[in-house]
Amino acid sequence: IDNSLLSEGENVIYVHAKDEAGNWGPFETAIITKDTTPPTITDIQTIYPTDQHTVREGQTITIKANVTEENIDSVVANCSALGAGAIEMTLESGNTYSCQCTLVNTSGDFNATIHVTATDIAGNSDTDSANVTVDNTPPTAEITSPSDGDVVSGAITVTTTATDSHLELVEFYIGTDLVDTNTSQNPTFALDTTSYPNGEWILTINAYDDAGNINVSEGVAII
């Protein structure tokens, strides 16, 4: 059958045969469906781990997409940019398909593109994409003042270098005592040394980013 003669949708084909004597047999019918319309993909979502807007090596994201197609064959998320290859998406509910993708062998910070391809049983396909923000680099973390070995008294100011494009939190410790926290880049902390007995104390900061990377500064001893 010449496919170009068929209309989009269902086509009823009538068939009957004639024998050598010229007798025609009864008509038989067959329904052939012509489908040249690809599936439609909308609303691709990349869902990060709880309370995150970035993801790091070893973590898992969920990918969701709405696919409109009566005769769907497959929906596949290409997560090669995250080291996970092609992952078959499963129907979650309604028109929503989903899968999970775990980052494998990634390094550094970059924006990855996830491609979702939906294919129907006629072989028509559509592809759409979404971006994923990958952050594998911990923040910088350093106490810049006071200097190691300084003798201090009274109220002092502690300055730090704590930077990251997705900085989440900086914790300031004296010994194991959490003194204060801050969410700003390069925060400054106030320390009342009169609250602690005379002797050597170690100051440190812990810097966290949105993806959960952490960096602990080298200790600075004050006397």
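How exposed is Asp 43, in terms of relative accessible area? In this predicted model, Asp 43 is partly exposed, because its relative accessible area is 47%. The residue belongs to strand 3, which covers residues 40-47. Its backbone deserves attention as well: phi of Asp 43 is near 55°, a positive value in a residue other than glycine. Most residues other than glycine have a negative phi, and most peptide bonds are trans.

Asp 51 also has a positive phi, of about 65°, although it is not a glycine. This aspartate is located in the loop between strand 3 and strand 4 (60-68). Asp 51 counts as exposed because its relative accessibility is 69%. A further backbone feature is found at the peptide bond from Ser 145 to Pro 146, which is cis, with omega near 5°. Pro 146 itself is part of the loop between strand 11 and strand 12.

Strand 11 and strand 12 lead to one of the sheets. This open sheet has three strands in the order 11-12-15, and their pairing is antiparallel. Strand 11 (142-145) and strand 15 (188-192) occupy the edges; each has a single partner strand, so one side of each is left without a neighbour in the sheet. On average, neighbouring strands here are turned by 40° against each other, direction ignored. Between strand 12 (residues 155-161) and strand 15, the antiparallel pairing runs over five bridges. Within this pairing, Thr 157 has Ala 190 of strand 15 as its bridge partner, while Val 158 stands opposite Phe 189 in strand 15.

In a regular strand the side chains alternate between the two faces of the sheet. Strand 15 can be read in this light: Phe 189 and Leu 191 make up its covered face, whereas Thr 188, Ala 190 and Asp 192 make up the uncovered one.

Another open sheet consists of four strands in the order 6-5-9-10, again with antiparallel pairing. Its edges are strand 6 (86-88) and strand 10 (125-135), each with a single partner strand, so one side of each has no neighbour in the sheet. The twist from one strand to the next averages 25°. Strand 9 (residues 109-120) pairs with strand 10 in the antiparallel sense over eleven bridges. One position in strand 10, Val 134, is the bridge partner of Phe 110.

The cysteines raise a separate matter. A disulfide is a covalent bond between the sulfur atoms of two cysteines. A search of the whole structure finds zero disulfides. Cys 99 is in no disulfide, and the nearest cysteine sulfur, that of Cys 79, is 5.2 Å away. Why is the sulfur of Cys 101 without a bond to that of Cys 79? The sulfur of Cys 101 is 3.3 Å from that of Cys 79, its closest cysteine sulfur, and this is too far for a bond, because a disulfide requires two cysteine sulfur atoms within 2.5 Å. Cys 99 counts as buried because its relative accessibility is 6%. Cys 101 is likewise buried, at 0% relative accessibility.

The surface offers a further feature. Val 12, Tyr 14, Phe 27 and Ile 31 make a nonpolar surface patch of about 460 Å². Of these residues, Tyr 14 is found in strand 1 (residues 9-15). Tyr 14 counts as exposed because its relative accessibility is 57%.

Technical notes
Residues numbered from 1 in each chain as written. Predicted model: local features only at pLDDT ≥ 70, side-chain atom pairs only at ≥ 80, totals over all residues. Heavy atoms only, no water. Patch = residues over 30% accessible without salt bridge, like charges linked within 9 Å, V, L, I, M, F, W, Y side chains within 5 Å. Areas by Shrake-Rupley, 256 points an atom, 1.4 Å probe, with all protein chains shown as cover. Salt bridge = Lys/Arg side-chain N within 4 Å of Asp/Glu carboxyl O. Helix = DSSP H or I, 4+ residues; strand = E, 2+ residues; numbered from the N terminus. Buried < 20%, exposed > 50% of the residue type's maximum accessible area, 1.4 Å probe, protein only. Pairing = 2+ DSSP bridges. Axes fitted to C-alpha atoms, helices over the stretch in contact; angles between N-to-C directions.
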